[in-house]
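Thank you all for coming. Before I say anything, please take a moment with the sequence and the model on the screen, and then I will walk through it one part at a time.

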Amino acid sequence: MKVLVTDPIADAGLDRLREAGHEVVTAYDVEGDDLFDAVSDAHGLIVRSGTDVSAELFEAAEELVIVGRAGIGVDNIDIEAATDHGVIVANAPEGNVRAAAEHTVAMAFAAARSIPQAHVRLKDGEWAKGDYLGTEVNGKTLGVVGLGRVGQEVAKKFDSLGMDIVAFDPYIGEERATQLGAELVEFDECMEQADFLTVHTPLTPETEGMISTDELELMGGGYLVNCARGGVVDEAALATAVEEGVLDGAAVDVFAEEPVSPDNPLLSVENVVVTPHLGASTSAAQENVATSTADQVVAALAGEPVMNALNAPSVDESAFPRIEPYIGLAETAGRIATQLFDGRVSEIEVVYEGDIAEEGVDLITASALKGVFTPLEWQVNAVNAPRMAEERGIDVSETKTMQAEDFQSLVTVRVGDGEDSLAVCGTLFAGEDPRIVRIDGYRVDAIPHGHMLVARNYDKPGVIGFIGTVLGEVDVNIAGMFNARRAAPGGEALTVYNLDDEVPEDTLQKLLEDDRLIEAKYITLNGTVE
Ligand SMILES: NC(=O)c1ccc[n+]([C@@H]2O[C@H](COP(=O)([O-])OP(=O)(O)OC[C@H]3O[C@@H](n4cnc5c(N)ncnc54)[C@H](O)[C@@H]3O)[C@@H](O)[C@H]2O)c1
Ligand SMILES: O=C(O)[C@H](O)COP(=O)(O)O
């Protein structure tokens, strides 16, 4: 398959893609129509922060299965649009954390000791020793806005350099902060207490512009470091604050617009130290994120779960072999249930019984939804199925019980319309052979495969022969069948036929003309993962 790489990543990542047999096409700095052309037949796309992965791109990328972000920030990727198109978005959240934290520390020192300014003057032949009087970090307070992976790493490093740490992060627990020796405080208090303020949030509608003139005034001196995302700190406000002495200095690695325009106000302020988004630019970090991203792209293209998927159920690698066979089983049960059910589906319940109930089942449930929606001809996969259910107001629930009667594990998909419902239950024989063992309360033993006929009939002599004859008249061969009775002889029964061919609509009508038949439904599982 074709994997398009539009921002430079380490060779180790490109090698992994090629080793897996994929065609790797690198097209750096492409944009607009050229980017859309390049991605039109790509199955995988790998980017860093330099590519705008927009809704238009997803429109153009009809074959796309996954966008891999070789790094952390995904503000350049329209994840909503990806989900709508059933495209997985995955990042590499661990690989460059140390690099980003080290760069943050370096930038703080660079600003506090005027290293770049003194460096330039000395290179120009000027011994400006008397012009610089720096600030030590020891004994000062570090304010951290966003105590996630990078923020925590930065806090640890400055803690060991003798700083007191306060942090603002509404989504992190007190306990974790305490472990790091940090005190969680409100935002304004964080700004007020900080001698050094370091920003480590993602860029979101909530964080965009969260630090501007008023917030910088709360600091009333000290240094601000932004190695997270441009746009979190208002650039014009920061430039003015440093220029007017509200702050002593700042260090900025990331900009609202990159590459940064020469008239960006931060570039012209003496006490603002800048780098061109170098936080992740170490060889170790680049190798880490490139290989981790490539591995995820390879997994997605092989139909396997992706470790750091941001818009699809992700699965622990060690648990995957245990849940993998149930992914196809749940999809099949969903497909059968929706084709047998007469109502308009407004509820879907997926029931896990036995050993499987002990596993993380998000991906199995997503596959069950995919199975329910596929016969309705919705363009669906396990990425967008939960979203589709939500958008259509379909109530999805999961139930787990540790008991599974006579089976080791059972997965049941029940579809309903609020009044009636129908359940199809499957298991795996010998841990791998899918079997449907209950349909609408009947105990069956049916191999879910290709073309099937499910008939409900009165348990009368000759009815099975009659069905065989009618199918035979239109050359539909019966490959196998299973008959189940709910009650005593003469009552209702259900028969599942595995067929070699499709059943024409008028053949179904002919079957139903016989009084002994209550219902006859043709079901197709073609295209299903079995
Ligand atoms: N300069 C670089 O090259 C570089 C390298 C790596 C990461 N980054 C950026 O650094 C940032 C942090 O990365 P990370 O891996 O630590 O992410 P993370 O998701 O682990 O941590 C982000 C933290 O921000 C917190 N947060 C979210 N909204 C917040 C808000 N409104 N107020 C306060 N806190 C909020 C979250 O709770 C979380 O703890 C990201 O923007 C990432 O893109 C930049
Ligand atoms: O979010 C990130 O991982 C960093 O900002 C690195 O971005 P880059 O891969 O474009 O250097």
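Let me begin with a sheet of four strands, which is open, is paired in the antiparallel sense, and has the order E20-E21-E19-E22. Its edges are formed by strand E20, residues 478-485, and strand E22, residues 517-524, each of which pairs on one side only. If we ignore direction, neighbouring strands in this sheet are turned against each other by 15° on average. Within the sheet, strand E19, which covers residues 451-458, is joined to E22 by seven bridges in the antiparallel sense, and Met452 is the residue that stands opposite Ile523 of E22. Lying across E19, E20 and strand E21, residues 492-499, is helix H16, which spans residues 463-473 and runs at about 150° to E20.

I should say at once that what we are looking at is a predicted model. The protein chain has an average pLDDT of 94, with 99% of the residues scoring at least 70, and for the complex the predictor gives an ipTM of 0.99 and a pTM of 0.83.

Now to the overall layout. The domain assignment divides the protein chain into domain 1, made of 2-94 together with 284-301, domain 2, which is 97-274, and domain 3, which is 320-523. The centres of domain 1 and domain 2, taken over C-alpha atoms, are separated by 31 Å, and the contact between these two takes seven residues from domain 1 and seven residues from domain 2. On the side of domain 1 that touches domain 2, three residues are nonpolar, two are polar and two are charged.

Let me turn to the second sheet I would like to show, an open one in which six strands follow the order E14-E13-E15-E16-E17-E18 with mixed pairing. Why is one side of E14 and of E18 left without a neighbour in this sheet? Strand E14, residues 395-401, and strand E18, residues 442-446, stand at the edges and each has a single partner strand, so one side of each has no neighbour there. Here the average turn between neighbouring strands, direction ignored, is 20°.

We can follow part of this sheet strand by strand. E15 and E16 run antiparallel and are joined by six bridges, with Arg414 standing opposite Ala423 in E16. The hairpin of E15 and E16 has four residues between the strands, and in it Gly418 takes a positive phi near 100°. E16 and E17 also run antiparallel, again with six bridges, and Leu428 stands opposite Pro434 in E17. In the hairpin that E16 and E17 form, three residues lie between the strands, and Ala430 in the turn has a positive phi of about 55°. Finally, E17, residues 433-439, is joined to E18 by three bridges, also antiparallel, and the bridge partner of Ile436 in E18 is Ala446.

Two helices lie across this sheet. Helix H13, residues 320-340, crosses strand E13 (347-354), strand E15 (409-416), strand E16 (421-429) and E17, and runs at about 150° to E16. Helix H14, residues 362-373, lies across E13, E14 and E15, and its direction is about 45° to E15.

Next, the ligands. Around ligand 1 there are 31 residues, of which Gly73, Gly146, Gly148, Tyr171 and Gly279 come nearest. This shell draws at least three residues from each of domain 1 and domain 2. Which helix supplies the largest share of the shell around ligand 1? That is H7, with three residues. By residue type, the same shell divides into 16 nonpolar, ten polar and five charged. The residues around ligand 2 include Arg48, Ser49, Gly71, Asn96 and His277, and the shell there divides into two nonpolar, seven polar and one charged.

I will close with two details of the backbone. Most residues other than glycine have a negative phi, and most peptide bonds are trans. Asp29, although not a glycine, has a positive phi of about 65°, and Asp29 is found in the loop between strand E2 (23-26) and helix H2 (32-39). The peptide bond from Glu258 to Pro259 is cis, with omega near -10°, and Pro259 lies in the loop between strand E11 (249-252) and strand E12 (272-274).

How values were computed: Residues numbered from 1 in each chain as written. Chains lettered and ligands numbered in written order. Predicted model: local features only at pLDDT ≥ 70, side-chain atom pairs only at ≥ 80, totals over all residues. Domains from an automatic or database assignment. Nonpolar A, V, L, I, M, F, W, Y, C, P; charged D, E, K, R; others polar. Pairing = 2+ DSSP bridges. Axes fitted to C-alpha atoms, helices over the stretch in contact; angles between N-to-C directions. Near = placed C-beta within 6 Å. pLDDT = per-residue confidence, 0-100.
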